[in-house]
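Thank you all for coming; I would like to walk through one structure with you slowly, and please keep the picture in view while I talk.

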Amino acid sequence: MAIVGSMRQEEIWNTETAQNYDTPGAGMFAPEVLGPTVDRLAELAGDGRALEFAIGTGRVAVPLAERGVPVTGIELSRPMVEQLRTKVDEATIPVVIGDMASATAPGEYALVYLVYNTISNLLTQAEQVACFRNAARHLAPGGRFVIELRVPGLRKLPPGQEAVVWHQEPGYIGLDTYDLLRQHVVSHHLRFDESGQARLFRSPHRYIWPAELDLMGRLAGFELESRHADWIGTEFTAESRSHVSVYRMPPGRTSSR
């Protein structure tokens, strides 16, 4: 796994992170965020099986399985899977421990999905291309690969500066620091308790422009089927801060391995 500074992905997603990851009813677990995500994925899966890359603690997989979609996961972090196991057992949602760019799950799927910017956790272009190819090899002809990804916020970066605050609220500041040469960004999440003590969580990413993402898809044999600004189908424009892109493996075509 690639490194930014001294941070390795398998070290970031440790036991402490896993135990504090879930925020039931708030943030990315809020009904208005999670509900449309699950609705759209259930629609795309249809009567088929779904595979989640970087399944984590099951934020999306658990409610999707409750909707009747058979879900399998791939996850690098054992502590995150241990947290998932407090919700459902292995028979309900099987998980393969491994890297989403290379690990394989048994069987064939109608849908592979990768949500909440997680493809950017792969820190090289080669790993990201491999992730597309890994998705393709798991899909039946006509199957879909769905990616939710933030649009790089470089328009907010002042000339000569390397950091931008992207969110702030009482008790929380989120800022990103950029390495433009390598397309790397480190997200810094600062949380303050009532005593003023701060807790810092950092995660490294390689950001991807939509056009680059589409080329990765074509290299793996995909065609872009749709792109929207969110899970409810809002039009994607130059002002959109994120996108949900649906890639399809054409019927009768197998992946480029």
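I will begin with the overall fold and then turn to the interior.

Please bear in mind that this is a predicted model, in which local features need pLDDT of at least 70, side-chain atom pairs count only at pLDDT 80 or more, and totals for chains, interfaces and linings use all residues. Residues are numbered from 1 along each chain as its sequence is written, and side-chain values use heavy atoms, with hydrogens and water left out.

The protein has 7 helices and 13 strands, where helices (H or I, at least four residues) and strands (E, at least two) are DSSP runs numbered from the N terminus. Its radius of gyration, taken over C-alpha atoms, is 18 Å, close to the 18 Å from the globule rule (2.2 Å times the number of residues to the power 0.38) for 257 residues, so the protein is as compact as a globular protein of that length.

How much of the protein is buried? Of the 257 residues, 49% count as buried, meaning under 20% relative accessible area with a 1.4 Å probe, protein chains only.

The largest nonpolar core, a set of buried Ala, Val, Leu, Ile, Met, Phe, Trp, Tyr and Cys residues joined through side-chain atoms within 4.5 Å, has 28 residues. Helix H6 (125-138) is one of the elements that give two or more residues to this core, and H6 supplies the largest share, 5 residues. Phe-132, among the residues with the most contacts inside the core, touches residues including Ile-119, Phe-145 and Phe-222, where contact means heavy atoms within 4.5 Å. A second, separate core of 26 residues includes Leu-34 and Val-115.

Terms used:
Buried means under 20% relative accessible area, exposed over 50%, partly exposed in between (1.4 Å probe, protein chains only). Lists of a residue's contacts leave out its neighbours within four places in sequence.
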